[in-house]
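Biologist: I should like to learn how pockets and helix packing are read from a model. Could we begin with the terms and then turn to the case at hand?

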Amino acid sequence: MRSGVALQPVYPSAQFGDLVERIETLGFDEFWLTDSSLHSRYSYMYLTIAAMRTSRMTLGTAVTNPVTRHPALAAVAATTLDEISGGRAIMGIGAGDRPLLALGHKPARLRQLEDSIHAMRALWTGDHVTYQGLGFELVDAHMRFDVPADIPVYVSASGPKTLEMAGRVADGVVLLAGLDTVGLTYALEHIDRGVEKAGRSERPKISVFAYGEINEDEDAALESARTIAAWFPQTAPMYCELAGLDKELISRVQQEYSGGEFQEAAKVARLLPDDFVRRMALAGNRASVLEKMATLDALGVDSMTLFPIGGDIHTRTATIEAFAECVDAYRAG
């Protein structure tokens, strides 16, 4: 099973460059960066820094969206990153979330997301493309420079319809389903339905994103992880029900926390039971992480990606280093 790290481009550029270089030195296979308009620095500039400071890890957006970034411009950005990085680019794309609201937009509809994937792939062939997609169009469009034949497209997915679409068309899935066996099984079954409908021979690669903190002080780790656990009732409530969370509590969290940014959920997150937080996030010591890794491996997940939250950069770096230790220990058996 591969391993990765996902970050937000919130750090000063020099500090970010040092951090991503350290991440590769620790042995991780994948590096992902969020693309959140006004909420952080410009993702493709930071991915360029990552490309220049590393030589081995794949580099992807986690994720861009087809509403604020026209599929043609996203295709050019991914191609440019692929050239700079020596063929290591991954296009991560999803419907979008709360950052879109500040720009007067709503998240993309499922068809717009799928149309965007088809359009990008058509452009990457180097052909002239005329395409009418939902919310955009291409008119005899083509890239006027050398392009790669293929860049992997990963779809960020939680809900059943998006999961099935990803199973039909994606090369990979950024899976946001928590870390509970029941919820993960539910998500993988929907991906497999899409695979079957499309007549594909195998499911796309699965990268499960694990948010949280790894700390031998388990109370501290639990507190850091509460905010992402509160994200699930608001954005993906089906996983809360599958994990046994009371429906009345799900509704209360939804009413008191309407945002999509998990950092804003600190107050309402205190309503959530400790057991639920541990089911949805990394919220404990190294031994608990090894248990999560074994669960993902048994389910056939291809990669586990850490998204460190809580504390300052030193706390997050400590979590990254602890995760690297866990990966090494798990691979050593």
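Modeller: A definition comes before the pocket: Ala, Val, Leu, Ile, Met, Phe, Trp, Tyr, Cys and Pro count as nonpolar, Asp, Glu, Lys and Arg as charged, and the others, Gly among them, as polar. Please keep in mind that this is a predicted model.

Biologist: How is empty space located, and what volume does the largest pocket have?

Modeller: Rolling a probe the size of a water molecule over the atoms shows where empty space is left. In this model the volume of the largest pocket is about 1100 Å³. Its lining comprises 50 residues, and those closest to the centre are A95, G96, D97, S156 and W231.

Biologist: Which helices and strands each supply at least two residues of that lining, and how do the lining residues divide by class?

Modeller: The helices are α4 (110–124), α5 (160–169) and α7 (218–235), and the strands are β7 (153–157) and β9 (205–214). By class, the lining holds 22 nonpolar, 20 polar and eight charged residues.

Biologist: α4 and α5 both contribute to the pocket lining. How should one describe the packing of two helices?

Modeller: Two packed helices are described by the angle between their axes and the distance between the axes. For α4 and α5, the axes come within 10 Å and cross at roughly 20°. Angles under 35 degrees count as roughly parallel, and α4 and α5 are therefore roughly parallel to each other. Their crossing is right-handed. On the α4 side, the contact is made by L110, L113, E114, I117, H118 and R121; on the α5 side, by K161, T162, M165, R168 and V169. This contact has five nonpolar, two polar and four charged residues.

Biologist: At what angle do α12 and α13 pack, and which residues meet there?

Modeller: Helix α12 (residues 286–298) packs against helix α13 (residues 313–332) at an angle of about 55°, with the axes 10 Å apart. The two helices are therefore oblique to each other, and their crossing is right-handed. From α12, R286, V289, L290, M293, A294 and D297 meet A322, F323, E325, C326, V327, A329 and Y330 of α13. The contact has ten nonpolar, no polar and three charged residues.

Biologist: How do the axes of α2 and α3 lie?

Modeller: The axes of α2 (residues 43–53) and α3 (residues 71–85) come within 9 Å and cross at roughly 15°, which makes α2 roughly parallel to α3. The crossing is right-handed. Among the residues in contact are Y44 and L47 of α2 and A74 and A77 of α3. By class, the contact has nine nonpolar, two polar and no charged residues.

Note on methods. Residues are numbered from 1 along each chain as its sequence is written. This is a predicted model: local features need pLDDT of at least 70, side-chain atom pairs count only at pLDDT 80 or more; totals for chains, interfaces and linings use all residues. Side-chain values use heavy atoms; hydrogens and water are left out. On a 1 Å grid over the protein atoms alone, a cavity is a set of points where a 1.4 Å probe fits but cannot get out, and a pocket is an open set with protein on both sides within 12 Å along at least five of seven lines; lining residues have an atom within 4 Å of a point. Grid points are joined across faces, edges and corners, and a volume is the space filled by probe spheres set on the points. Helices (H or I, at least four residues) and strands (E, at least two) are DSSP runs, numbered from the N terminus. Axes are lines fitted to C-alpha atoms, for helices over the stretch in contact, and angles run from 0 to 180 degrees between N-to-C directions. Angles under 35 degrees count as roughly parallel, over 145 as roughly antiparallel, 65 to 115 as roughly perpendicular and the rest as oblique. A crossing is left-handed if the near helix is turned anticlockwise from the far one by less than a right angle, and right-handed if clockwise. Contact means heavy atoms within 4.5 Å.
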